[in-house]
Amino acid sequence: MGEQLVIQGGKALSGRLPASGSKNAALYALAAPLLTSDPVTLHNVPEIADIEGMGRVLRALGASFEVDGEDVSIDASGVTETVAPQDLAIALRASFLVMGPLLARFGEAASPSPGGDVIGVRPLDVHLAGFRALGADVRREGQNFVARGRLRGARIFLDYPSVLGTVNVLFAAALAEGETVIVNAAAEPEVAMAAEMLVAMGARISGHGSNTITVDGVERLHGVDFTIIPDRIESGTYLLAGVATGGDVAIEGARADHLDSLLTKLAEAGAGVEVTPQYVRACHPPDGAPLRAVQLQAVPYPGFPTDLHAPMAAALTQAEGVSTIHERVFENRLLYLGELRAMGARMTAGGQSVIIEGPTPLVGGAVRALDVRAAAAVVIGGLCASDETIVRDLVHLDRGYPRIEERLTALGATVFRR
């Protein structure tokens, strides 16, 4: 059956937590050292299962990968293998990010279609079309996608502002000959951080953080000592948990500019929101009134993040009125619905929209963590529930939320594993 998380609900969360390093940004940063033969050191890397998974992929390629708490050292000088191992790659979506660096540095790369959460079709077309535009010959050989060739700069229009696609093309373009312009690029903070890391390694990049990124290719990149940005999704999840339970939570080191859409919706719902250079804080409506229902859409950055859709839905079960969330990124993001309904949530799905009636008193029970963010949703549900909740399939929870029971306990929750 595996480990289970036991939550004794009904307690208002209160207190402060330091922000963890960004899960997604760290995964992108772990692929970048494949672009150089110099050592790279990363700081503020979250201690989660996905980081370990990416480390196994890098070691299989011949790189050294050493972890010391939240510090990770990578040396890709010994890389001799340019084919990502199938058994490791299929378990982790971000594993496909080795393609761009290997192709740029060695002139060839291969990887199977990667795995990850089953939250919808996430085609690799953006990645592969980008490699082709840079001059690579890309084809399917057995289980693997294979890319070969010397890369030259090009103007590349992405069919969709895919985050992973943008990062992979950015990696490839960093060592391509000449100028590359990536149009309709993803503007997420994690993409901008990946570009900033490359710049610190000697790349010439401008426009990152916008929808048009320009890369002037260089002959080689060097090592770097780099710190991962705070995780806006984890920070947002704890802020939502605090508000939903009637509490008051502050995240130290959180980037308010990365949380604009969430903080705006929390304020619209009546929650108290405080932003300082040191922390971001959210609490239950200060006037004692109930949370108010809100309407929102999960869209690419700077809009409301799809990765906060499920935790937000759980929190809105405690808001008065009818809330609506429309999902415009992943078509299978609503896996959490059945689990929260089992806890008493009044939710209905219509196409890509979910309608939430509240406030609803939730009741504990046995629920499953069906993907990383659905896991956060059922945890929030369990924290709001009147009695004991047991969360199974913790492999998903552990992929995105480091030391979650320790951090929730620090906020006053009664949470433990068994």
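These legends go with close-up views of a predicted model.

**View 1. Helix H2 and its surroundings.** Let's start with helix H2, which runs through residues 49–61. With 13 residues at 1.5 Å a residue, helix H2 should span 18 Å, and its end C-alpha atoms are 19 Å apart, so the two values agree. Try picking out the buried residues of H2: they are Asp50, Ile51, Gly53, Met54, Gly55, Val57, Leu58 and Leu61. As you look at that list, keep in mind that an α-helix has 3.6 residues a turn, so residues three or four places apart point the same way. What covers the buried residues of H2? The cover includes helices H1 (23–31), H3 (86–89), H4 (99–106) and H13 (394–400), along with strands S4 (64–68) and S5 (71–75). Just after H2 comes glycine 62, with a positive phi of about 110 degrees.

**View 2. A salt bridge between strands S14 and S2.** The structure holds 21 salt bridges, and this view shows the one between glutamate 252 and arginine 16. Their side chains meet at 3.5 Å, N to O. Glutamate 252 belongs to strand S14 (residues 248–252) and arginine 16 to strand S2 (residues 14–18), so this pair ties together parts that are 236 residues apart in sequence. Are the partners buried or partly exposed? Glutamate 252 is partly exposed, at 34% relative accessibility, and arginine 16 is partly exposed too, at 46%.

**View 3. A salt bridge between strands S12 and S11.** Here aspartate 216 pairs with arginine 204, and their closest N and O atoms are 3.3 Å apart. Because aspartate 216 lies in strand S12 (residues 212–216) and arginine 204 in strand S11 (residues 204–206), the pair ties together parts that are 12 residues apart in sequence. Aspartate 216 has a relative accessible area of 35%, which makes this residue partly exposed. Arginine 204 is partly exposed as well, with a value of 46%.

**View 4. A salt bridge and a salt-bridge network.** Glutamate 406 and arginine 403 bring their side chains together in a salt bridge of 3.5 Å, N to O. Glutamate 406 is partly exposed, at 49% relative accessible area, and arginine 403 is partly exposed at 30%. Now look for a network of salt bridges: Glu3, Asp398, Glu405 and Arg417 are linked in one.

**View 5. The largest cavity.** How many cavities of 30 Å³ or more does a search of the whole structure find? There are four, and the largest cavity holds about 50 Å³ of space. Its lining is made of Thr237, Tyr238, Ala241, Ala376, Val379, Ile380, Leu383, Ile404 and Leu408. Helix H8 (232–244), helix H12 (372–384) and helix H14 (404–410) are the elements that give two or more residues to this lining. The most comes from H12, with four residues. By kind, the lining of the largest cavity has eight nonpolar residues, one polar and no charged.

**View 6. The second largest pocket.** This pocket contains about 240 Å³ of space. Of the 14 residues lining the second largest pocket, Arg150, Leu151, Leu175, Ala176 and Glu177 lie nearest its centre. Which kinds of residue make up the lining of this pocket? Seven are nonpolar, three polar and four charged.

Methods
Residues numbered from 1 in each chain as written. Predicted model: local features only at pLDDT ≥ 70, side-chain atom pairs only at ≥ 80, totals over all residues. Heavy atoms only, no water. 1 Å grid on protein atoms, 1.4 Å probe; cavity = no way out; pocket = protein on both sides within 12 Å on 5 of 7 lines; lining within 4 Å. Points joined across faces, edges and corners; volume = space filled by probe spheres on them. Nonpolar A, V, L, I, M, F, W, Y, C, P; charged D, E, K, R; others polar. Salt bridge = Lys/Arg side-chain N within 4 Å of Asp/Glu carboxyl O. Buried < 20%, exposed > 50% of the residue type's maximum accessible area, 1.4 Å probe, protein only. Expected span 1.5 Å × (residues − 1). Contact = heavy atoms within 4.5 Å.
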